[in-house]
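Me: I'm new to this one. Could you take me through a single part of it up close, starting from a buried cysteine and moving on to the core and its helices?

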Amino acid sequence: MSELLAHTGTIAAIATAVVPQQGSVGIVRVSGDQAMAIAQTLFYAPGRQVWSSHRILYGYIRQPQTKQIIDESLLLIMQAPRSFTREDVVEFHCHGGIMAVQQVLQLCLENGARLAQPGEFTLRAFLNGRLDLTQAESIADLVGAKSPQAAQTALAGLQGKLAHPIRKLRANCLDILAEIEARIDFEEDLPPLDQQRIIADIDQVTAEISKLLATKDKGELLRTGLKVAIVGRPNVGKSSLLNAWSQSDRAIVTDLPGTTRDVVESQLVVGGIPVQVLDTAGIRETADQVEKIGVERSRRTASDADLVLFTIDAAAGWTPADQEIYEQVKHRPVILVINKIDLISLAEQENLKSQIENPKSKIVTSAAINQGIDSLETAILEIIQQGKVQAANMDLAINQRQAAALTKAKIDLQQVQATITDKLPLDFWTIDLRGAIQALGQITGEEVTESVLDRIFSRFCIGK
């Protein structure tokens with residue numbers, strides 16, 4: 001049996017990030033039938049404070065045998081079923097840092113709890129009917145969100161905006177199956193089956209599935225972000241471009257070619273999408289061993305990037321060295337950044353752009369005076385829209401697991417239509433229709449295996 005499902009009893013874990021000498025509050029969470037007993041053993045609440053659900057008590061956490069005070073804290077009580085896990089839950093709100101929460105957690109483990117496994121609190125919420133599987137996955141997405149748009153999309157999933165359409169599609173498939181099976185069991189007592197209406201109903205379900213599948217790429221972008229590499233010859237202004245874009249001095253800027261020896265990274269958000277910007281060493285032939293290593297890393301970074309900002313010097317124009325570098329990166333999506341335009345006239349800018357046939361996407365910037373950053377971000381969003389984000393519904397974004405199940409459901413429904421077209425018996429119609437129903441049920445957790453639950457919840461942090 002799955003490790004997550006085999007364990008029962010009362011669990012405990014640190015529910016907040018533990019950072020040495022930082023953070024004012026640390027929380028130890030306990031869930032299970034012994035949670036209240038553990039709290040009453042460890043927590044001393046002076047005065048006449050009432051121990052009841054959804055109250056916060058003030059007091060001290062003490063070692064039960066010696067009565068030594070471990071920490072001054074608050075105790076939050078949430079009794080079943082009005083808790084996240086629908087079990088009795090208590091939370092010790094301690095002072096932040098390492099020592100207090102570690103000592104409190106150890107006391108909980110010594111007095112009847114065991115250490116929670118990754119995602120076990122959320123797993124219990126799912127198993128006890130508090131959440132469906134899409135909501136559970138949205139919690140992980142919300143915790144790991146890298147941009148406000150990613151957080152909003154995860155929150156929409158947590159509120160059931162993905163589960164609702166999935167359940168509706170599954171209910172429609174169940175209605176179709178019921179109508180077909182009724183004809184199998186009671187053919188003589190019912191009117192003939194309307195095949196065209198069945199096909200139309202399946203078409204409608206398939207179309208809705210296609211709309212949901214269109215959000216997959218957007219979901220991947222929101223979760224993992226876009227990796228963008230700034231590439232070009234030495235001294236074309238790559239580091240200045242990074243600094244101007246990030247509004248910081250992330251990269252060292254000098255007039256000396258080869259200043260950047262390694263990849264410099266900055267995290268930005270463009271149009272709600274997290275962007276990892278990588279400033280690379282200038283690509284050129286060099287005898288300097290350290291710079292040579294940097295150049296090789298630049299080539300690898302460009303090869304791995306989702307998008308390349310190929311940067312050239314406007315005053316120097318398109319040189320043979322630029323052409324050589326472009327040949328190395330043209331297999332990736334590329335935006336040409338013509339930098340240092342403050343050094344040439346408008347007429348020269350237009351002439352330069354007209355001379356360069358590829359790449360098609362071109363913008364002009366002057367990183368030194370912060371010019372053209374808006375145009376750069378607009379060009380990036382256009383590239384994304386053209387190649388990845390095609391969904392109109394920006395509130396939803398499915399993940400890979402959900403996309404695989406939706407794809408399976410869509411294929412099964414298409415097979416049902418092929419079976420109808422081939423005039424096979426009604427029993428054959430139900431085979432693939434059941435497959436589609438099962439696939440849709442796997443998304444929300446109505447039909448799910450232990451191995452799938454293991455895979456999903458093992459990616460959670462321990463205290464969630």
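**A close look at the core**

Reply: Let's start with C173, which is buried at 0% relative accessibility; buried means under 20% relative accessible area, with a 1.4 Å probe and protein chains only. Bear in mind that this is a predicted model, where local features need pLDDT of at least 70, side-chain atom pairs count only at pLDDT 80 or more, and totals for chains, interfaces and linings use all residues. Residues are numbered from 1 along each chain as its sequence is written, and side-chain values use heavy atoms, leaving out hydrogens and water.

Now for the core. The largest nonpolar core (buried Ala, Val, Leu, Ile, Met, Phe, Trp, Tyr and Cys residues joined through side-chain atoms within 4.5 Å) has 30 residues, and those touching the most other members are I209, L406, L413, L433 and L440. At least two residues each come from α7 (163–185), α8 (195–213), α15 (400–421) and α16 (426–444); helices here are DSSP runs of H or I, at least four residues, numbered from the N terminus.

Zoom in on I209: beyond its neighbours within four places in sequence, I209 is in contact with L169, L406, A409, K410, L413 and L440, contact being heavy atoms within 4.5 Å.

Next, look at α15 and α16. Their axes, lines fitted to C-alpha atoms over the stretch in contact, with angles from 0 to 180 degrees between N-to-C directions, come within 8 Å and cross at roughly 165°. That's why α15 counts as roughly antiparallel to α16, a label for angles over 145 degrees. Among the residues that meet are L406 and L413 in α15, and L433 and L440 in α16.

Key: Buried means under 20% relative accessible area, exposed over 50%, partly exposed in between (1.4 Å probe, protein chains only). Angles under 35 degrees count as roughly parallel, over 145 as roughly antiparallel, 65 to 115 as roughly perpendicular and the rest as oblique.
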